[in-house]
Each structure stands twice: as structure tokens, then as C-alpha cells.
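The following note was prepared for a colleague who is reading a protein structure for the first time. Please keep the sequence and the model in view while working through the points.

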Amino acid sequence: MINIQFEREACPLCGSKNGYNKLIEKNIDDINYTIVKCNNCGFVYVQNPKDSTISDENKSKDEIEFLEPKARHYQVANYIINFAKGKNINQPVKILEIGAGTAPVARILMKNYPQIEYEYLGFEPSIARAELSRNVGINVIAGFFDTSEVKSKFDIIIIDNVLEHVLFPKEMIK
């Protein structure tokens, strides 16, 4: 697969051409990325993405490991628990995660909150990460988010560290 890198002319969220503030420059696999913040709407995004930003795209499941969940994953899990307790929704809590990675939020829920019933569906472009999640009993589809795979409504949708990589984020969240 050939990855093409390009410069964005406008904010992919609001369309503003009023400029941005450069936050970070990072070199990954000999490609320089620039993370910026839109001066108009405040959206943080990759200014010069490749056409594919799949993490660990070419790695096998043996080359990927479950990383320990980060503080933000625990915050999301706690939000889900508080949501489930605070709302009179019929359990299970239905959760959709786009860009699931190795599903750290679902792993936290399984380990720390076994009393809460939930239905989890994740989408992860990295085949290896999706397979690792499925191997521990978490429902993750290997591929990009596809509405044809979604058969029901969800109580919570998680899109964490995803939109800044998406070429057209407004279309994704519609």
C-alpha cells in the first residue's frame, strides 16, 4: 500500500482557512506529522495526514501487545458506570466504540465492573488489534466503521483519539 501525505488547506471540521496554532511536530516511521489547533473552532487535528493513519497497520497480533489502559480510559469507563446508574435505562448498556484499538474501556468494564451488563461493539482498522480484542471475548470488528454492521441503537458512542486522523470528520459524525 502506498501512503500519500498531503497538507490540509482548511480545518476539516469547520472549514475555516483562518489558520492554526502548531502544537506538536512528530516523526513516525520517517514521516513528519504536524498536530495543530484550528484558530476558529479549536479542533485539534493532523495538519498533514497520510491517506491511511491506521496504527500498527502492518503488524501481526504477535507484534502487538495489550497496553495498560490510560487515565482517559478509566474516565470513560467511570462515565459509563455513572450513566448506567443515573439513567433508568434497561440493561445492558449498549456501547459502540469507533477506533477501539485493543478495547481498553471494554477491558476495564469486564475486570472492574462485572456487575454491569453491557453490549459492546468496536470497530478497529488494525486487524491485529481487533483480533487481540476478540481473543479475550470483546466484540471488535476489523475494519473501518461501517453503518451496515450496526443493527441497533447505542446508549454511548466512544470516538477517542480518532477524529484527528479522519480525513473528513464531519461526514463521520453525521
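The points below proceed from the overall fold to the strands, the charged pairs, the surface and the cysteines.

1. **Status of the model and overall make-up.** The reader should bear in mind that this is a predicted model. The protein chain holds four helices and seven strands. Read from the N terminus, the elements follow the order β-β-β-α-β-α-β-α-β-β-α. Of the 174 residues in the protein chain, 37% are buried.

2. **Strand S5 and its cover.** Strand S5 comprises residues 118–124. Is strand S5 largely enclosed or largely open? Five of its seven residues are buried, and S5 is therefore largely enclosed by the rest of the structure. Phe 123 belongs to this strand. Its relative accessible area is 1%, and because buried means under 20%, Phe 123 is counted as buried.

3. **The pairing of S4 with S5.** Strand S4 covers residues 93–98, and six bridges join S4 to S5. The two strands run parallel. Two positions help to locate this pairing in the model: Val 93 stands opposite Tyr 118 in S5, and Ile 95 has Tyr 120 in S5 as its bridge partner. S4 is itself mostly covered, with five of its six residues buried.

4. **The connection between S4 and S5.** Which element does the chain pass through on its way from S4 to S5? The path leads through helix H2, residues 104–112. This β-α-β crossover is right-handed. The student may wish to trace the path in the model, starting at S4 and ending at S5.

5. **Further partners of S4 and S5.** S5 also pairs with strand S6 (residues 140–142), in the parallel sense and over three bridges. Within that pairing, Gly 122 has Val 140 in S6 as its bridge partner. S4, for its part, pairs with strand S7 (residues 156–158), again in the parallel sense and over three bridges. Here Leu 96 is matched with Ile 157 in S7. Leu 96 can also be related to Phe 123: the two residues are 27 residues apart along the chain, and their C-alpha atoms are separated by 8.2 Å. When the side chains of these strands are inspected, a general rule is useful. In a regular strand the side chains alternate between the two faces of the sheet.

6. **Salt bridges.** Side chains of opposite charge can pair when their charged atoms come close. How many salt bridges does a search of the whole structure find? The search gives two. One links Glu 25 with Lys 22, with 3.3 Å between the closest N and O atoms. Glu 25 is exposed at 57% relative accessibility, and Lys 22 is exposed as well, with a relative accessible area of 53%. The other salt bridge joins the side chains of Asp 160 and Arg 72, at 2.6 Å from N to O. Asp 160 lies in the loop between S7 and helix H4 (169–173), whereas Arg 72 lies in helix H1 (residues 71–86), so this pair ties together parts that are 88 residues apart in sequence. Arg 72 is partly exposed, its relative accessible area being 29%.

7. **A nonpolar patch on the surface.** Leu 23, Ile 24 and Val 44 form a nonpolar patch on the surface. Together these residues have about 240 Å² of accessible area. Ile 24 is part of strand S1, which spans residues 20–28. Its relative accessible area is 45%, and Ile 24 is thus classed as partly exposed.

8. **The cysteines.** A disulfide is a covalent bond between the sulfur atoms of two cysteines. Why does the count of disulfides come to zero? The cut-off applied here is a sulfur pair within 2.5 Å. The sulfur of Cys 11 has its closest cysteine sulfur in Cys 41, and because the separation is 3.8 Å, the two are too far apart for a bond. For Cys 14 the closest cysteine sulfur is also in Cys 41, at 3.7 Å, which is again too far for a bond. The two residues can also be described by their cover: Cys 11 is buried at 4% relative accessibility, whereas Cys 14 is partly exposed at 31%.

Definitions and conventions. Residues are numbered from 1 along each chain as its sequence is written. This is a predicted model: local features need pLDDT of at least 70, side-chain atom pairs count only at pLDDT 80 or more; totals for chains, interfaces and linings use all residues. Side-chain values use heavy atoms; hydrogens and water are left out. Buried means under 20% relative accessible area, exposed over 50%, partly exposed in between (1.4 Å probe, protein chains only). Patches are made of residues with over 30% relative accessible area and no salt bridge: like charges are joined within 9 Å, nonpolar side chains (Val, Leu, Ile, Met, Phe, Trp, Tyr) within 5 Å. Accessible areas come from the Shrake-Rupley method with a 1.4 Å probe; for residues, only the protein chains shown count as cover. A salt bridge is a side-chain nitrogen of Lys or Arg within 4 Å of a carboxyl oxygen of Asp or Glu. Two strands pair if DSSP finds at least two bridges between them. A crossover is right-handed if, with the strands pointing away from the viewer, the path from the first strand over the helix to the second runs clockwise.
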